[in-house]
Amino acid sequence: MNFYSSKEFTGSRAWDSQHIASFDNVSVKLHWTDQPYKWHINDGQEVFAVMDGCVEMQYKEKGDVKSRILKAGDIFYASEGTEHIARPQGVARVLVIEKEGSV
């Protein structure tokens with residue numbers, strides 16, 4: 001058993017992560033970032049929960065780029081095949097649940 005305080009976690013570089021758990025080929029990680037990730041499609045589904053800060057999530061829907069602002073407590077679910085990019089607005093901490101080894 002472990003307890004985590006997302007606000008206390010700080011990475012040494014953008015998208016550093018603290019491993020929380022792995023089960024059934026799924027990883028749960030707390031990420032710290034202050035820089036955008038990259039446009040990508042995960043190897044399966046992804047749950048992206050903003051724990052602290054604010055993130056602009058851009059995603060493609062039928063070829064069009066759309067955007068949504070996520071604040072602490074907001075969750076983004078990327079179904080398989082969803083192309084997206086996370087753009088933090090300053091420092092953000094995000095809990096990511098996805099297939100182990102995904103992008």
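Accessible areas were obtained with the Shrake-Rupley method and a 1.4 Å probe. On this basis the accessible surface of the chain, in what is a predicted model, comes to about 6200 Å². Carbon and sulfur atoms contribute 47% of that surface. Of the 103 residues, 38% count as buried.

The chain contains nine strands and zero helices, so that the order of elements from the N terminus reads β-β-β-β-β-β-β-β-β. Along the principal axes, the C-alpha atoms fill a box of roughly 40 × 35 × 25 Å. The radius of gyration is 13 Å, which agrees with the value near 13 Å for a compact globule of 103 residues. Among contacts with a separation of 6 or more, 64% are made by residues 24 or more positions apart.

Several strand pairings were identified. Strand E2 (residues 26-33) runs antiparallel to strand E9 (residues 92-99), and eight bridges join the two. Within this pairing, Leu30 has Leu95 of E9 as its bridge partner. Strand E9 is also joined to E4, again in the antiparallel sense, by six bridges; here Val47 is partnered by Ile97 of E9. E4 in turn pairs with E7 over four bridges, also antiparallel, and in this pairing Ala49 stands opposite Ile75 of E7.

Strand E7 (residues 75-78) shows an alternation of its side chains. Phe76 and Ala78 point to one face and are buried, whereas Ile75 and Tyr77 point to the other face and are not. For Phe76 the relative accessible area is 12%, and the residue is therefore classed as buried, the limit being under 20%.

Both residues on the buried face of E7, Phe76 and Ala78, are touched by His84. His84 lies in strand E8 (residues 83-88) and is buried, with a relative accessible area of 1%. Beyond four places in sequence, the residues touched by His84 also include Lys38, Trp39, His40, Met57, Gln58 and Tyr59, as well as Asn42 and Glu46. The side chain of His84 forms a polar contact of 2.9 Å with the side chain of Glu46. The side chain of His84 also reaches the backbone oxygen of Thr82, at 2.9 Å.

Asn42 is placed in the loop between strand E3 (40-41) and strand E4 (46-52). With a relative accessibility of 6%, Asn42 counts as buried. Its side chain makes a polar contact of 3.3 Å with the side chain of His84, and a polar contact of 3.3 Å joins the side chains of Asn42 and Glu46. Polar contacts thus link the side chains of His84 and Glu46, of Asn42 and Glu46, and of Asn42 and His84. Apart from neighbours within four places in sequence, Asn42 is in contact with Glu98, Ser102 and Val103 in addition to His84. From Asn42 to Ser67, 25 residues apart in sequence, the distance between C-alpha atoms is 18 Å.

Leu70, in strand E6 (residues 64-71), has a relative accessibility of 5% and counts as buried. Its contacts, leaving aside neighbours within four places in sequence, are with Phe48, Val50, Gly53, Cys54, Val55, Met57 and Phe76. Leu70 and Met57 are 13 residues apart along the chain, and their C-alpha atoms are separated by 7.0 Å. Met57 and Phe76 are also among the residues touched by His84.

A search of the whole structure for aromatic pairs returned two. In one, the ring centres of Trp15 and Tyr37 are 5.3 Å apart and the planes lie at 70°, so the pair is edge-to-face. This pair links distant parts of the chain, 22 residues apart: Trp15 is in the segment before strand E1 (16-23), and Tyr37 is in the loop between E2 and E3. Trp15 counts as buried at 15% relative accessibility, while Tyr37, at 31%, counts as partly exposed. The other pair consists of Tyr59 and Phe76, whose ring centres are 6.3 Å apart; the planes lie at 35°, so this pair is tilted. Because Tyr59 belongs to strand E5 (residues 54-61) and Phe76 to strand E7, the pair ties together parts that are 17 residues apart in sequence. Tyr59 and Phe76 are both in contact with His84, and Phe76 is in contact with Leu70 as well.

Methods:
Residues are numbered from 1 along each chain as its sequence is written. This is a predicted model: local features need pLDDT of at least 70, side-chain atom pairs count only at pLDDT 80 or more; totals for chains, interfaces and linings use all residues. Side-chain values use heavy atoms; hydrogens and water are left out. Buried means under 20% relative accessible area, exposed over 50%, partly exposed in between (1.4 Å probe, protein chains only). A polar contact is a pair of N or O atoms within 3.5 Å; within protein, one must be able to donate a hydrogen and the other to accept it, and residues adjacent in sequence count only if both atoms are side-chain atoms. Contact means heavy atoms within 4.5 Å. Two strands pair if DSSP finds at least two bridges between them. The radius of gyration is taken over C-alpha atoms; the globule rule is 2.2 Å times the number of residues to the power 0.38. Rings of Phe, Tyr and Trp (its six-membered ring) pair if their centres lie within 6.5 Å; planes under 30 degrees apart count as stacked, over 60 as edge-to-face and the rest as tilted.
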